[in-house]
Amino acid sequence: MPDIDEPDENELSVTAPKTWATGAPAVVHALRYALSQTSPKRTALTLLNINQAKGFDCPGCAWPEPAPGRRHRNEYCENGAKHIADEATSRRVTAEFFQRYSVDELSRKSDYWLNQQGRLTEPMVLREGADHYEPIGWDEALDLLARELRALDHPDEALFYTSGRLANEPAFLLQLFARAFGTNNLPDCSNMCHESSGSALTETLGIGKGSVSLDDLYNADLVFVVGQNPGTNHPRMLSALEETKLRGGSVVAVNPLPEAGLLRFKHPQKTRGVIGRGTDIADQFLQIRPGGDLALFQALNLMLVEAEDKEPGTVLDREFIEAHTTGYDAFADHIRDTTSWDAVLQATGLSRDEIEQVHQRVLKSRSVIVCWAMGLTQHKHGVPTIREVVNFLLLRGNIGRPGAGVCPVRGHSNVQGDRTMGIWERMPQLFLDRLGEEFRFTAPTAHGLDSVDSIRAMLDGRAKVFLGVAGNFVRATPDSDVTERAMRNCRLTAHISTKLNRSHAVCGRTALILPTLGRSDRDVQAGGEQFMTVEDSMSEVHATRGKLAPASAHLLSEVSIISRLARKVLGSEPDIPWADFEADYDVVRDRIAQVVDGFEDFNERVRDPGGFRLPNPVNGKVFRTPSGKAVFTVNDFTMLQAPKGHLVLQTLRSHDQWNTIPYAMDDRYRGIKGGRRVVLVNAADLTDLGLADGSLVDLISVWSDGSERRADSFRVVAYPTPPGSAAAYYPETNVLVPLDSVADISNTPTSKSVIVRLERAAEPAPA
């Protein structure tokens, strides 16, 4: 059992933030972390197979790989290498570990400490009234879970949560099982991140996915990178942006913080990235206030419309607008009549000259792509913001042609694939009909519960059994205290997991830990060695094959666990070949091909090196909207404004972090070392608030209903944030976001627009 110390937040040190990312230091940090987890041989085996055509897909993010012939032998980034080392660790969590630590003790451990204990090795149960987990056999564990599911008064009392780590085949089987059981309660991690993207894109373009490929990105004249930090969250995007620059394209970065990777990138696999200066990425950096992106794109759209008004037929793509869109006149009238430059400048914190410069770049660019992430989606007005981005692209025909389009950048390996496979509480009726026809049952049609509504249902007793497949639900969701109370209100909670996390310590009256294979583990079934598939952010579907010996002989694959559970719960009604699915994943893929559009000849096509790309009707100028055309929308101006003495806080993750799990207590690019309970604040705001750099404060969020929430003991760091704003790491700050504070339409938590005040806290007594 590893002897891991809890981190000491009093060891915090701060240096100036970096002005470039990657280079040789990234290689050193990745190797150092890998070798702290496992042997040099195991490290080499993982790194040489990650993101290779015959290897396994990196679980770290959903950024696509280049075509096999253009793929580097080391096709991974620093954080991808850390993530796979974290999964391939030689550390093990055994039954003896659970004898040593009670659930109460585990609940008081940090996310870092829990993750560092290593891979789970055998099924464990926390029986009602017990204070320690104990071993349980697989049959008994699945029998217990099946009994609880069958004992429910209605299938809608069960919740089936999914993280984007799940591959296509088990995702398809999970939703099939849930719907055959009788519920659409399939909340997933998309509900917390890109749900606003899906809502906006489906309404305006008819499909909730991005429309661009890597080649489009390479060949774009202008790329916007809005509300995202590629250097930490999907670092391989930097190499694609470098290619854009080398081919003559330009990049505009729009973000509240000056992220190092968007300033300058030193490619570690190229000479100029190791001993040279690297490549400047952003030609222009707009340091926007949190939530100001809607105002920015409304201003850009006004400028384009007014320029067209002055010189008709020279600015907008009128042919495209007239042939392929609807709603332009109402949109243009609204933009002209309601856009106030004073309000735009106040909402964005930018100067008119900065916005004029962007406008000139747009006019000079034939093809434009807008990329975005959670900086746009996690606001109350997240959906209108993305609709306004679509308006911007439609004006000059930058949808459905090479080098142009929408690019929502997913931050989790197969989160897009899971949605394609049916992991959604509101799948279209056509999908449900095909599923029912293929497997000879009537799929439920009533919409299920998303993640936020699932918490409400657990809290008030409407949901009694929670099954989480991958992920860390307790730490990924908002309103931490309320979420934990909801989970503890369940009759049973069960988690299919590779590693220990806080969700295992926040239990229902009975709890199960069901350990599973990791992405890098070999998966051998009755039909031989298996592979699975994933879909990346750009709709490329390809195989992933584990190469390592499993962490324990007691592990089952997710396909096996779901198939065996389904047999125990459903029996032979409906007649679904669960045993065949478990034995041979080709059988699963054959049935996927019958249900899901774009997966015809799935087994044959996915065996091609690099796999295949799913068709996107948008690229053929086919828009599956009610009108059959792309939709211009009218979006009311919104501005985030904090009362005097308050700041707008955005939550974010550190460089040494993957989703909810920190790999270290550092944030190298932001100059933070040895601590996570920090709040980044503009120096001028500190003066106005009467605080000094290094002060200890409590963060109190305030809401329109008069409620408040508190996160204690954060160290203030003077940082170049926009005036009036602040930033702090999640999941430590999830407690500040109420369950009811969600984006309109998408129900996504508003984690990027939290109004807070900073209260001075008492310094701890000297040791």
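1. In this predicted model, V125 stands opposite L512 in strand β18. The residue V125 lies in strand β5, residues 124–126, which is joined to β18 by 3 bridges and runs antiparallel to β18. This pairing is a convenient place to begin, and the next points follow β18 and its other partner.

2. Strand β18 covers residues 510–515, and 6 of its 6 residues are buried. Side chains in a regular strand alternate between the two faces of the sheet. In β18 one side carries T510, L512 and L514, the other carries A511, I513 and P515, and both faces are covered. The residue opposite V125, L512, is thus part of the first of these two sets.

3. Strand β17, residues 492–497, is joined to β18 by 6 bridges, and here the two strands run parallel. Two of the residue pairs can be named: L492 has T510 of β18 as its bridge partner, and H495 has I513 of β18. β18 therefore has an antiparallel link to β5 and a parallel link to β17, with burial of β17 itself given by 6 of its 6 residues.

4. Because 6 of the 6 residues of β17 are buried, the strand is largely enclosed by the rest of the structure. L492, A494 and I496 point one way from β17, T493, H495 and S497 point the other way, and all are buried. The parallel arrangement goes on to strand β16, residues 465–469, which 5 bridges join to β17. V469 stands opposite I496 in that pairing.

5. A separate open sheet is made of 3 strands in the order β21-β22-β23, with antiparallel pairing. Its edge strands are β21 (532–535) and β23 (612–613), each of which pairs on one side only. Strand β22, residues 540–544, pairs with β23 in the antiparallel sense over 2 bridges. At one position of that pairing E540 stands opposite R613 of β23.

6. The largest pocket holds about 1000 Å³ of space. It is lined by 33 residues, and those closest to its centre are I207, G208, K209, M427 and P428. Helices α9 (195–205), α22 (415–420) and α23 (429–439) are the elements that give two or more residues to this lining. By class the lining has 13 nonpolar, 12 polar and 8 charged residues.

7. The second largest pocket has a volume of about 670 Å³. Its lining also consists of 33 residues, with N74, Y76, S239, H267 and Q269 closest to the centre. At least two lining residues come from each of α1 (24–37), α3 (78–87), α10 (214–219) and α12 (236–246). By class this lining divides into 19 nonpolar, 8 polar and 6 charged residues.

8. Helix α12 supplies the largest share of the lining of the second largest pocket, 5 residues. The helix is mostly covered, with 8 of its 11 residues buried. These are R236, M237, L238, A240, L241, E242, T244 and K245. An α-helix has 3.6 residues a turn, so residues three or four places apart point the same way. After α12 comes G248, whose phi is positive, near 100°.

9. How many disulfides does the whole structure contain? The search finds 0. C193 is in no disulfide, and its nearest cysteine sulfur, that of C189, is 5.3 Å away. C371 is likewise in no disulfide, the nearest cysteine sulfur being that of C407 at 3.7 Å. Since a disulfide needs two cysteine sulfur atoms within 2.5 Å, neither pair qualifies. Is C371 buried or exposed? At 0% relative accessibility, C371 counts as buried. C193 is buried as well, with a relative accessible area of 16%, because the cut-off for buried is under 20%.

10. For the protein as a whole, there are 31 helices and 33 strands. Of its 767 residues, 65% count as buried. The C-alpha trace spans about 75 × 70 × 55 Å along its principal axes. A compact globule with 767 residues would have a radius of gyration near 27 Å, and the 25 Å of the protein agrees with this.

Notes
Residues numbered from 1 in each chain as written. Predicted model: local features only at pLDDT ≥ 70, side-chain atom pairs only at ≥ 80, totals over all residues. Heavy atoms only, no water. Pairing = 2+ DSSP bridges. Helix = DSSP H or I, 4+ residues; strand = E, 2+ residues; numbered from the N terminus. 1 Å grid on protein atoms, 1.4 Å probe; cavity = no way out; pocket = protein on both sides within 12 Å on 5 of 7 lines; lining within 4 Å. Points joined across faces, edges and corners; volume = space filled by probe spheres on them. Nonpolar A, V, L, I, M, F, W, Y, C, P; charged D, E, K, R; others polar. Buried < 20%, exposed > 50% of the residue type's maximum accessible area, 1.4 Å probe, protein only. Rg over C-alpha atoms; globule rule 2.2 N^0.38 Å.
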